[in-house]
Amino acid sequence: MGKIIFIIGGARSGKSNYGLEKAKEIKGRVAFIATCNPCDGEMKRRVALHRKSRPAHWKTFEVSDGIAELVKESGSKFKVFIVECLTLLISGFMEKKYAEAVIKDKINEMLKALKKSKSDAIIVSNEVGSGIIPQNKLARDFLDIAGRINQMTAKASDEAYFLVSGIPWRLK
């Protein structure tokens with residue numbers, strides 16, 4: 001069974017780069033699961049920059065749903081899966097109007113599939129609990145759901161790191 005490494009931090013904390021470095025330490029084929037569905041020009045530019053930061057030989061899957069199935073189908077082909085980013089995955093589920101229970105079920109399915117896989121997994125997420133409480137309900141709902149999903153993922157992980165200014169703090 002593979003291990004799950006959870007990497008969390010704020011915007012521009014260095015979490016993505018740290019995740020890439022952790023993946024490079026694990027020798028073997030890498031599957032990068034990109035969860036972002038870019039819907040405007042600025043986000044498309046961000047995605048392009050992220051693509052350039054990854055080694056070209058890594059296999060990229062652009063998936064906004066069905067990660068558990070992807071892992072089950074291709075798990076033996078890869079030594080490590082990187083899921084980037086959990087909060088964008090949650091955001092996409094919320095755009096599809098999924099209820100929190102459905103989102104939790106989907107994340108639990110993903111975590112179970114990753115645990116059963118022989119491959120290691122690196123899950124990157126944004127820390128949402130260090131800021132202010134937003135005024136609008138949708139933003140508060142996202143904050144609540146993402147916070148609970150982050151807790152669930154941290155609990156299921158074998159290792160957890162919190163990134164601050166590019167410095168990883170090992171939590172677990």
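Helices, in the sense used here, are DSSP runs of at least four residues, numbered from the N terminus. With that in mind, let us walk through this structure, which is a predicted model.

A good starting point is the sheet. Seven strands make up an open sheet, and reading across it gives the order β3-β2-β4-β5-β1-β6-β7, with mixed pairing. At the edges sit β3 (59–62) and β7 (167–170), each of which pairs on one side only. If you compare neighbouring strands of this sheet, they are turned against each other by 20° on average, direction ignored. What holds strands together in a sheet? Strands pair through backbone hydrogen bonds, and they can do so in a parallel or an antiparallel way. For one example, look at β1 and β5, which pair in the parallel sense over six bridges. Along this part of the sheet, F6 stands opposite I123 in β5.

Next, find the helices that lie across these strands. Helix α1 (residues 15–25) lies across β1, β2 (30–34), β4, β5, β6 (159–164) and β7. Its direction makes an angle of about 175° with β5. Helix α5 lies across β1, β4 and β5, and runs at about 150° to β5.

Now turn to helix α4, which spans residues 86–95. Is α4 mostly covered or mostly open? This helix is mostly covered, with seven of its 10 residues buried. Those buried residues are L86, T87, L89, I90, G92, F93 and M94. Several elements help to cover them, including the strands β1 (4–9), β4 (80–84) and β5 (120–126). The helices α3 (67–74), α5 (100–116) and α6 (137–156) also belong to this cover. Just after α4, K97 takes a positive phi of about 70°.

One residue of α4 deserves a visit of its own: T87. Why does T87 count as buried? Its relative accessibility is 3%, and a residue is called buried because that value is under 20%. Leaving aside residues up to four places away in sequence, T87 touches S125, N126, V128, F142 and A146. Try tracing the chain from T87 to A146: these two residues are 59 residues apart along the chain, yet their C-alpha atoms are separated by 6.3 Å.

Finally, let us look at the pockets. The largest pocket holds about 720 Å³ of space. Its lining is made of 26 residues, and R12, S16, R46, H50 and E84 are the ones that lie nearest its centre. Which elements contribute to this lining? At least two residues each come from α1, β2 and α2 (41–53). The largest share belongs to α2, with seven residues. Sorted by class, the lining of the largest pocket has 10 nonpolar, nine polar and seven charged residues.

The second largest pocket brings us back to a familiar helix. This pocket has a volume of about 230 Å³, and 13 residues line it. Nearest its centre lie N37, L88, S91, G92 and E95. The largest share of this lining, six residues, comes from α4. In the lining of the second largest pocket, six residues are nonpolar, five are polar and two are charged. So as you turn the model, you can find α4 in two settings: it has seven buried residues, and α4 also supplies six residues to the lining of the second largest pocket.

Methods. Residues are numbered from 1 along each chain as its sequence is written. This is a predicted model: local features need pLDDT of at least 70, side-chain atom pairs count only at pLDDT 80 or more; totals for chains, interfaces and linings use all residues. Side-chain values use heavy atoms; hydrogens and water are left out. Buried means under 20% relative accessible area, exposed over 50%, partly exposed in between (1.4 Å probe, protein chains only). Contact means heavy atoms within 4.5 Å. Two strands pair if DSSP finds at least two bridges between them. Axes are lines fitted to C-alpha atoms, for helices over the stretch in contact, and angles run from 0 to 180 degrees between N-to-C directions. On a 1 Å grid over the protein atoms alone, a cavity is a set of points where a 1.4 Å probe fits but cannot get out, and a pocket is an open set with protein on both sides within 12 Å along at least five of seven lines; lining residues have an atom within 4 Å of a point. Grid points are joined across faces, edges and corners, and a volume is the space filled by probe spheres set on the points. Ala, Val, Leu, Ile, Met, Phe, Trp, Tyr, Cys and Pro count as nonpolar, Asp, Glu, Lys and Arg as charged, and the others, Gly among them, as polar.
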